[in-house]
Amino acid sequence: MKNLPATTAFLVLDVAGVPCALARAAVSEVLPLPDLHNPPAAGGPLVGFLDLGGTPVPVIDLARLLGLPKREGAQADDPYRHLVLAAGEAIAFLVDRVDDLVVVAEAEIRPVAEALTLNGCVMAEIGLRDRMVHVLDPARLLGAEERQRLDDLTRAAAARLAAFGPPTA
């Protein structure tokens with residue numbers, strides 16, 4: 001069994017109509033969806049790069065990564081879409097919206113066996129209202145090879161950005 005989150009505070013996310021959660025401590029920031037740099041090599045769940053102070057941060061569409069079908073009526077320019085920046089990692093996840101920040105009683109946090117989910121990406125389930133919500137582990141959402149490819153693309157995006165010189169004020 002995985003270790004349970006060290007917190008009882010969670011961000012509740014809408015990912016293609018599926019409620020998911022991240023431990024609040026696993027998130028450094030929530031941003032409205034800005035224009036992203038979308039290099040030709042991007043594809044699959046990589047939707048582009050966020051320029052964060054001159055540093056490219058890869059943005060992963062969480063719904064695509066999890067293999068969830070696009071929600072009917074969903075639009076790419078939906079003003080409620082958010083980027084969730086992972087704490088301690090240079091990666092952001094695109095979600096349909098951040099619904100809420102909740103504090104859950106420890107008794108409502110149930111561990112999920114690592115073997116029951118792909119790469120152990122679901123670390124727990126929390127009881128919210130009348131449903132169970134999966135708590136995702138950002139460090140386990142990508143496999144080792146996926147992380148390596150993402151690192152390679154990020155380095156290429158940084159080199160391309162650097163070729164244009166430093167940002168101007």
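**Strand β6**

I started with the burial of β6 in this predicted model. The strand is mostly covered, and five of its five residues are buried. I then checked which way the side chains go. H82, V84 and A86 point one way from β6, while L83 and L85 point the other way. I noted that residues on both sides are buried.

Next I looked up the partners of β6. Strand β3, residues 27–32, runs antiparallel to β6 and is joined to it by five bridges. I picked out one pair here: P32 has H82 as its bridge partner in β6. With β7 the pairing is antiparallel as well, over four bridges. In that pairing I found L85 opposite A92 of β7.

I followed the chain through the hairpin of β6 and β7. Five residues lie between the two strands, and G88 takes a positive phi near 75°.

**The sheet**

Which strands make up the open sheet, and in what order? I read five strands in the order β3-β6-β7-β5-β4, with mixed pairing. The edges are β3 and β4 (46–52), each of which pairs on one side only. I took the turn between neighbouring strands of this sheet, which is 30° on average with direction ignored. Helix α2 packs on the sheet and touches β4 and β5 (55–61). I noted an angle of about 140° between the direction of α2 and that of β5.

**Salt bridges**

I searched the whole structure for salt bridges and got six. As background, I note that side chains of opposite charge can pair when their charged atoms come close. I wrote down three of the pairs, as follows.

The side chains of E89 and R147 form a salt bridge, at 3.0 Å from N to O. E89 sits in the loop between β6 (82–86) and β7, and R147 sits in helix α2 (residues 144–162), so this pair ties together parts that are 58 residues apart in sequence. I checked accessibility for both ends. E89 is partly exposed, at 28% relative accessibility. R147 is also partly exposed, at 23%.

R149 pairs with E145, and their closest N and O atoms are 2.8 Å apart. Why are R149 and E145 about one helical turn apart? They are four residues apart in helix α2, which accounts for that separation. I find both R149 and E145 exposed.

D152 and R155 meet through their side chains in a salt bridge of 2.4 Å, N to O. These two are three residues apart in helix α2, so about one helical turn separates them. I have D152 as partly exposed, with a relative accessible area of 37%.

**Cysteines**

How many disulfides does the structure have? I count zero disulfides. For C20, the closest cysteine sulfur is that of C121, at 8.9 Å, and this is too far for a bond. The cut-off for a disulfide is 2.5 Å between the sulfur atoms. C121 is in no disulfide either, its nearest cysteine sulfur being that of C20.

Are these cysteines buried or exposed? C20 is buried, with a relative accessible area of 3%. C121 also counts as buried, at 10% relative accessibility.

**A25**

I looked up A25 and found it in the loop between β2 (18–23) and β3. Is A25 buried or exposed? With 61% relative accessibility, A25 counts as exposed. I also took the distance from A25 to A9, which is 16 residues away along the chain. Their C-alpha atoms are separated by 7.8 Å.

**Confidence**

Last, I checked how far the predictor trusts the model. The mean pLDDT of the protein is 85. I noted that 86% of the residues reach 70 or more. Where is confidence lowest, and where is it highest? Strand β9, residues 109–111, is the lowest entry, with a mean of 87. Strand β7, residues 92–95, is the highest, at 96. I had already met β7 as an antiparallel partner of β6.

Notes
Residues numbered from 1 in each chain as written. Predicted model: local features only at pLDDT ≥ 70, side-chain atom pairs only at ≥ 80, totals over all residues. Heavy atoms only, no water. pLDDT = per-residue confidence, 0-100. Salt bridge = Lys/Arg side-chain N within 4 Å of Asp/Glu carboxyl O. Buried < 20%, exposed > 50% of the residue type's maximum accessible area, 1.4 Å probe, protein only. Pairing = 2+ DSSP bridges. Axes fitted to C-alpha atoms, helices over the stretch in contact; angles between N-to-C directions. Contact = heavy atoms within 4.5 Å.
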